[in-house]
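Dear colleague,

Please find the structure below. I would be grateful if you would read the notes after it with the model open.

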Amino acid sequence: MRPPVITLDGPAGSGKSTTAREVARRLGYRHLDSGALYRALTFALLSAKIPKDEWVNLPREALDRFPILLRPNGPRFDVLLGERVLEAELRTPEVTALVSPLSALPAVRDWLLEAQREAGKEGGLVADGRDMGTVVFPDAEVKIFLTADLRERAARRFLERESRQPSAGELRLEAEKIEARDKRDSSRAHAPLRRASGAIEVDTSFLTFEDQVEVIIGHVKTLTKR
């Protein structure tokens, strides 16, 4: 039997990427970080010096000049721009600041859809993002929707970026940024963030990392009898 596709969707800071990566490792599947594709295109547009205010009007055909693709590499996918493997370039402050508005553009989401579906055509995939279970893999065998308290998500995101715990003021500012992104992602007209039909909601606010991985693997085993 073809191994299943597992989707993990949820808002920023809910633990999607780290959890998906570990679930994939334990199951022997590949992990698809869909956000890396949007970051790659953001980096490509910045490198091409295309003004940010022109991005919203770029047609799909204009994006074809950027050879962004996924290449299997053991338990993950490398993100390439031409022959260049992108790694640290995807996490620069400038890319991080602009990836959210870029990812809301319908032309961009449609353009990257094929690359994501190609990654899952053989199954054995754990994909995380914001529309994996609703748009990219609507027929996925297992769909998970991760949630967490806003302040908890803000603390996690700050710790991930700064490698230290935030002060009270820093936590408040981080929470405001995430709340604003939640509103943008949930209210956009094209592929909004929402819980997919049939998705199992997992609140990670008070779960350890080990606990949330085990909870998801338990659901996978129950739903796929593996």
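The notes below deal with one strand and then with the largest pocket.

This is a predicted model, in which local features need pLDDT of at least 70 and side-chain atom pairs count only at pLDDT 80 or more, while totals for chains, interfaces and linings use all residues. Residues are numbered from 1 along each chain as its sequence is written, and side-chain values use heavy atoms, with hydrogens and water left out.

Strand 1 covers residues 5-9, and 5 of its 5 residues are buried, that is, under 20% relative accessible area with a 1.4 Å probe, protein chains only. Strands (E, at least two residues) and helices (H or I, at least four) are DSSP runs numbered from the N terminus. In a regular strand, side chains alternate between the two faces of the sheet. Here Val5, Thr7 and Asp9 lie on one side and Ile6 and Leu8 on the other, and both faces are covered.

Two strands pair if DSSP finds at least two bridges between them. Strand 1 pairs in the parallel sense with strand 6 (residues 125-129) over 5 bridges, and Thr7 has Ala127 as its bridge partner there. With strand 7 (residues 142-147), strand 1 pairs in the parallel sense over 4 bridges; Ile6 is partnered by Val142.

A pocket is an open set of points on a 1 Å grid where a 1.4 Å probe fits, with protein on both sides within 12 Å along at least five of seven lines; lining residues have an atom within 4 Å of a point. Helix 4 (93-103) gives the largest share of the lining of the largest pocket, 7 residues.

Yours faithfully

Note on methods: Buried means under 20% relative accessible area, exposed over 50%, partly exposed in between (1.4 Å probe, protein chains only).
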